[in-house]
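Biologist: Please take a close look at one part of this model. I would like to know how its helices pack and what lies beside them.

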Amino acid sequence: MIIVGHRGVAGRFPENTLASIQEAAALGLDWVEVDVQPTLDDHLVVCHDHTVDRCSNGSGRVDELTLEQLKQLNFAARFKYDGGHQTLLTLDELLQFAISNQLKLNIEIKIDRHCAKSVCQLVQQALEAHPIDSNHVLLSSFNHDVIRHLHMMLPNIRLGVLCERLKSAEKHLLKEVSAFSCNLYYKWVTRKQIDQLKQSGYQVWCYTVNNPNSLRHIEELDAIFSDYPERFL
């Protein structure tokens, strides 16, 4: 089973920062999961929330700030962390680091106000500018339009359909885009669903598991996401 560092090692380091991702690599993890979304001036940055308030010393929406403005913020400011200032990563910077360190990436594409197609075009441009091994990338999203556009634009890149509960819409989407995986919330997944997904040819990855004793069906899963991946090593 693959252990994926969730936002790097988010339980002990400022999430989605270079320090957090470096720690995942230092632990020997093959995979990390990060979140990517667009800025006001159409740069893709590594950030989960649509605002910067929770994780930085700034305030405001990511899509209402330019990359230059975002780069001035400290994304370790809200975390008990003595490693100094952590600048927001761009997707370009992340890809460069991953390629240099043979790190595999599950990149979750997040959109709010932006057009799904335009954001997917930015993802396509980044992956073409930084030719990472296609087996080292899994693109995922809760947004079905994002998944469909990625399928059309990047047919050689594996896709993961994200959902909290597996419903008929997700089942149809998995088939429509020939998805690689279904990424499910671990508390709601059942053994029957896992068996059905695997019989249909999909891997099953579950998020976000921080207590090894709380996970049912662990032997059936292909991967889990954790803020504390060292607990599973």
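Modeller: What follows centres on helix H5 and its neighbours, then turns to a pair of strands. Keep in mind that this is a predicted model.

Start with H5, residues 144-153. Helix H6 spans residues 168-176 and packs against H5 at an angle of about 10°. Their axes lie 11 Å apart. Angles under 35 degrees count as roughly parallel, so H5 and H6 are roughly parallel to each other. From H5, the contact uses His144, Ile147, Arg148 and His151. Facing them in H6 are Ala169, Glu170, Leu173 and Glu176. By type, the residues of this H5 and H6 contact are three nonpolar, two polar and three charged.

Now the other partner. Helix H4 covers residues 116-129, and its axis comes within 9 Å of that of H5. The two axes cross at roughly 45°, which makes H4 oblique to H5. The H4 and H5 crossing is right-handed. H4 brings Ala116, Lys117, Cys120, Gln121, Val123 and Gln124 to the contact. H5 answers with Asp145, Val146, His149, Leu150 and Met153. In the contact of H4 with H5, six residues are nonpolar, three polar and two charged.

Next, the strands. Strand S6 holds residues 158-163 and pairs with S7 in the parallel sense, over four bridges. One pairing to find on screen is that of Val161, whose bridge partner in S7 is Cys182. Strand S7 runs over residues 181-185 and is mostly covered. Four of its five residues are buried.

Terms used
Residues are numbered from 1 along each chain as its sequence is written. This is a predicted model: local features need pLDDT of at least 70, side-chain atom pairs count only at pLDDT 80 or more; totals for chains, interfaces and linings use all residues. Side-chain values use heavy atoms; hydrogens and water are left out. Axes are lines fitted to C-alpha atoms, for helices over the stretch in contact, and angles run from 0 to 180 degrees between N-to-C directions. Helices (H or I, at least four residues) and strands (E, at least two) are DSSP runs, numbered from the N terminus. Angles under 35 degrees count as roughly parallel, over 145 as roughly antiparallel, 65 to 115 as roughly perpendicular and the rest as oblique. Contact means heavy atoms within 4.5 Å. Ala, Val, Leu, Ile, Met, Phe, Trp, Tyr, Cys and Pro count as nonpolar, Asp, Glu, Lys and Arg as charged, and the others, Gly among them, as polar. A crossing is left-handed if the near helix is turned anticlockwise from the far one by less than a right angle, and right-handed if clockwise. Buried means under 20% relative accessible area, exposed over 50%, partly exposed in between (1.4 Å probe, protein chains only). Two strands pair if DSSP finds at least two bridges between them.
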